[in-house]
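The exercises below are meant to be worked with the sequence and the model side by side. Try each task before reading the solution that follows it.

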Amino acid sequence: MRTIILVFAPILTAVPSFAAQSPWQEIAPNTSLRLISSDVVTAGGKTMIALQLAMPATTWTYWRVPGETGIPMQLDFSSSIGLVSFTPHWPFPKREIKNGYLDYIYPGNFVLPIELKVQNDAPLISLSLVMGICSEICIPVSVSLTLQLDFSSRDAGSAIRIAQAMAETPIPWDKSPDPVLAVAYDKKLRELLVRLDDPDFDFSSMIAATNDPSIIFGPPQKSQIEGILIFPRLGRGSDIKG
């Protein structure tokens with residue numbers, strides 16, 4: 001069974017580097033990326049790094065659900081040493097409709113925070129990355145980045161960049177009441193139906209997604225029934241089960 005996720009806009013191969021950043025790597029014209037770290041680890045072995053992209057405003061990459069034409073980002077940390085697990089924290093994307101196709105993008109400069117769980121005091125982070133970089137044309141980019149973490153001192157600049165990106169990341173709704181009363185999927189009409197607690201709730205920023213990036217829903221639309229939103233299913237692909 002696939003889990004439906006409703007996302008709301010928040011209110012608000014390289015030589016190992018022993019600093020809080022890996023060297024910049026140019027991956028496309030006027031576009032570079034690197035890994036950054038706050039160099040702080042908790043008692044439970046958790047630390048934050050981020051993928052930092054420097055791009056022109058007219059260049060973009062994609063959210064975890066890339067959309068109808070986007071290239072999904074693939075993160076492979078399997079060659080790392082001292083790494084137990086990783087969790088990307090995706091900032092809220094921009095909804096872009098171009099030539100009739102919907103994509104979810106990050107234009108311009110972008111930081112993707114990644115939470116790590118490590119098991120020693122000097123983990124070596126090795127990331128193999130595949131992503132799409134687009135401007136006038138879209139190209140898939142494959143790159144390797146390496147960063148030796150050092151928790152003996154803190155890098156304030158990198159910590160601020162990561163914190164700013166985390167502030168743009170959706171968090172679980174913890175207020176009462178929950179704005180969403182019920183969710184159902186109509187297989188025949190290929191529509192996701194969402195009943196809202198407040199029919200006047202501003203739903204314009206809502207995105208419907210599942211844990212399968214190939215399943216794409218369009219922007220929310222008001223139905224003829226008071227308090228019901230419709231997210232139309234886009235594309236073909238396999239249908240939703242459960």
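## Exercise 1: The disulfide

The torsion about the S-S bond of Cys134 and Cys138 is about 120 degrees, so this disulfide is right-handed. The model is a predicted one.

**Task.** Establish how many disulfides the whole structure holds, and decide whether Cys134 and Cys138 are buried, partly exposed or exposed.

**Solution.** Begin with the search of the whole structure, which finds one disulfide. Next, take the distance between the sulfur atoms of Cys134 and Cys138, which is 2.0 Å, and compare this with the cut-off of 2.5 Å within which two cysteine sulfur atoms count as a disulfide. Finally, consider each partner in turn: Cys134 has a relative accessibility of 1% and counts as buried, whereas Cys138, at 40%, counts as partly exposed.

## Exercise 2: The strands around it

**Task.** Describe how strand S11 and strand S12 pair, and state what joins S11 to S12.

**Solution.** First locate the two elements, S11 at residues 124-134 and S12 at residues 138-148. Their pairing is antiparallel and extends over 11 bridges, and the connection from S11 to S12 is a hairpin of three residues. As a check on the register, Ile125 can be found opposite Leu147 in S12. For the wider setting, the chain has 18 strands and one helix.

## Exercise 3: Aromatic pairs

**Task.** Classify the ring pair of Phe77 and Phe86 and that of Tyr106 and Phe110 as stacked, tilted or edge-to-face.

**Solution.** The count of aromatic pairs comes to four. In one of them, the ring centres of Phe77 and Phe86 lie 4.6 Å apart with their planes at 45 degrees, so this pair is tilted. For Tyr106 and Phe110, the centres are 4.0 Å apart and the planes stand at 15 degrees, and this pair is stacked. Turning to accessibility, Phe77 is buried at 5%, while Phe86 is partly exposed at 32%; in the stacked pair, Tyr106 is buried with a relative accessible area of 4%, and Phe110 is buried with 5%.

## Exercise 4: Charges over rings

**Task.** Which rings have the charged end of Lys175 or the side chain of Arg64 over them?

**Solution.** Taking the arginine first, Arg64 lies over the face of Trp63, 5.1 Å from the ring centre. The charged end of Lys175, in turn, sits over the ring of Trp173 at 5.9 Å from its centre, a value to be set against the cut-off of 6 Å.

Methods
Residues numbered from 1 in each chain as written. Predicted model: local features only at pLDDT ≥ 70, side-chain atom pairs only at ≥ 80, totals over all residues. Heavy atoms only, no water. Pairing = 2+ DSSP bridges. Helix = DSSP H or I, 4+ residues; strand = E, 2+ residues; numbered from the N terminus. Phe/Tyr/Trp six-rings, centres within 6.5 Å; stacked < 30°, edge-to-face > 60°. Buried < 20%, exposed > 50% of the residue type's maximum accessible area, 1.4 Å probe, protein only. Lys NZ or Arg CZ within 6 Å of the ring centre and 35° of its normal.
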